[in-house]
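Look at the fold before you read on. Trace the chain from end to end, then find the ligand.

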Amino acid sequence: MTPGAYSLVDLDQRPDLAAEVLALFTASPPGANHLVCGLPAYMGLPASPESLSQAAGVLIALSGNRAAGALALCPYSEEQITLWGPAVAKGAGSETGARLIDAAREALHLSPYGSMRALADTRNRRSRTLLLAHGFTTWKDTYCYERELGGAAQPGTSRVRRAAVRDHAVLATIFIQGFPDSDHCIPSLQRRESEGYRHYLLEDDGVVAAAAAIQDAGGRGWLKLVAMRPEMRGKHLSKRLLEGVLAEEGKRHTRALALEVLADNAPAIHLYESVGFKRRWTATIFTGPV
Ligand SMILES: CC(C)(COP(=O)(O)OP(=O)(O)OC[C@H]1O[C@@H](n2cnc3c(N)ncnc32)[C@H](O)[C@@H]1OP(=O)(O)O)[C@@H](O)C(=O)NCCC(=O)NCCS
């Protein structure tokens with residue numbers, strides 16, 4: 001490949017390159033070159049056509065007729081895009097990744113998205129250096145945890161059940177109190193359920209005390225939200241919620257549950273480890289302007 005001689009296209013313009021782009025993302029195994037998928041539910045899983053199709057756009061650096069690099073733009077919220085990549089082919093010029101980040105910024109400039117975030121595995125020095133040199137600053141570290149369910153019966157608790165539509169209003173209040181910046185409850189929890197989410201609740205003395213939201217992804221469940229009513233926090237109830245969720249998901253034959261938690265959220269980390277979640281990797285969250 002001739003370094004620098006690239007043209008940029010979107011995967012929508014060149015769907016014939018889908019397999020090549022997937023191979024670029026797949027060729028970054030965990031470790032020093034690991035690329036963190038920009039779609040939370042798919043983090044830690046190998047790249048799949050389904051995960052790629054959920055990106056808002058996939059930029060490709062073309063060298064001749066070959067994909068030399070790719071960068072997927074994954075919606076994180078109504079205001080933020082998460083980058084997945086850049087994934088660069090062996091032998092491609094070192095500036096390929098930088099060109100793709102600049103192109104992402106240009107593409108997003110007139111969009112409703114106000115900023116970009118990117119997650120780099122803490123072992124991936126090349127990715128960290130590239131982001132820092134291209135307008136990104138570090139925000140916080142985050143952990144990916146996973147718990148195999150393996151089909152075995154989990155202890156469970158009768159006080160945890162799937163939410164019914166009549167529970168949605170109280171669940172939305174609990175989620176918004178726990179995650180004020182999340183758009184999960186917009187426009188409604190019913191809409192989220194039609195998108196593949198499952199909602200669970202814990203009752204204590206007839207009061208809905210806590211709630212969890214699980215997204216179905218690639219045969220596993222992504223534990224997107226766990227929240228306790230503020231006035232009921234600190235009473236050791238959250239473990240009961242998670243044990244119940246593990247039991248219900250086990251009955252559905254969910255292979256594993258995975259989640260992302262900020263490294264400074266000590267009570268949540270303690271909670272996840274107490275019910276058997278294992279840390280898979282650590283990434284730094286970078287943010288930058290579009
Ligand atoms: C995370 C959350 C659900 C935990 O519920 P909670 O009622 O506050 O927590 P609990 O009382 O059940 O305590 C959880 C465990 O963490 C421990 N803990 C509390 N503070 C801690 C700290 N600073 N360091 C280490 N462990 C801590 C508790 O001792 C308890 O363990 P134990 O039951 O083995 O003694 C709740 O704080 C919440 O809703 N937070 C806002 C939303 C959120 O951050 N969700 C998780 C995002 S990934």
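Two strands pair if DSSP finds at least two bridges between them. Strands are DSSP runs of E with at least two residues, helices are runs of H or I with at least four, and both are numbered from the N terminus. With that in hand, take one pair: strand 5 and strand 12 are joined antiparallel by seven bridges. Within this pair, Leu119 has Ile285 in strand 12 as its bridge partner.

A word on the source. This is a predicted model, in which local features need pLDDT of at least 70 and side-chain atom pairs count only at pLDDT 80 or more, while totals for chains, interfaces and linings use all residues. Residues are numbered from 1 along each chain as its sequence is written, and side-chain values use heavy atoms, with hydrogens and water left out.

**The sheet**

Twelve strands form an open sheet. Their order is 1-2-3-4-5-12-6-11-10-9-8-7, and the pairing is mixed. Strand 1 (7-10) and strand 7 (160-162) are at the edges; each has a single partner strand, so one side of each lacks a neighbour in the sheet. On average, neighbouring strands are turned by 30° against each other, direction ignored. Such angles are taken between axes, which are lines fitted to C-alpha atoms (for helices over the stretch in contact); in N-to-C directions they run from 0 to 180 degrees.

Strand 12 also pairs with strand 6, antiparallel, through nine bridges. There, Tyr143 has Thr282 in strand 12 as its bridge partner. At the edge, strand 7 joins strand 8 (residues 197-204) by three bridges, again antiparallel. Val160 stands opposite Leu202 of strand 8. What holds such strands together? Strands of a sheet pair through backbone hydrogen bonds, either parallel or antiparallel.

**Helices across the sheet**

Contact here means heavy atoms within 4.5 Å. Helix 4 (residues 125-132) lies across strands 4, 5, 6 and 12, and runs at about 155° to strand 5. Helix 7 (residues 238-251) lies across strands 6, 7, 8, 9, 10 and 11, and runs at about 135° to strand 8.

**Around the ligand**

Which residues are closest to the ligand? They are Val226, Met228, His236, Ser238 and Asn265, out of 19 residues that surround the ligand. A residue is near a molecule if one of its heavy atoms lies within 4 Å of it. Polar contacts are pairs of N or O atoms within 3.5 Å. Three of them are listed here.

| Residue | Its atom | Ligand atom | Distance |
|---|---|---|---|
| Val226 | backbone N or O | nitrogen | 2.8 Å |
| Gly234 | polar backbone atom | oxygen | 3.0 Å |
| His236 | side-chain N or O | oxygen | 2.8 Å |

Taken alone, the ligand exposes 960 Å², and the protein buries 70% of that. These areas come from the Shrake-Rupley method with a 1.4 Å probe. Strand 10, strand 11 and helix 8 (266-274) each give two or more residues to the shell. Helix 8 gives the largest share, five residues. By class, the shell has ten nonpolar, six polar and three charged residues.

**Backbone details**

Gly85 and Pro86 are joined by a cis peptide bond, with omega about 0°. Pro86 is in strand 4. Another cis peptide bond joins Ile186 and Pro187, with omega about -5°. Pro187 is in the loop between helix 5 (168-178) and helix 6 (189-194). Asp205 is in the loop between strand 8 and strand 9. Phi of Asp205 is near 55°, a positive value in a residue other than glycine.

Terms used
A polar contact is a pair of N or O atoms within 3.5 Å; within protein, one must be able to donate a hydrogen and the other to accept it, and residues adjacent in sequence count only if both atoms are side-chain atoms. Ala, Val, Leu, Ile, Met, Phe, Trp, Tyr, Cys and Pro count as nonpolar, Asp, Glu, Lys and Arg as charged, and the others, Gly among them, as polar.
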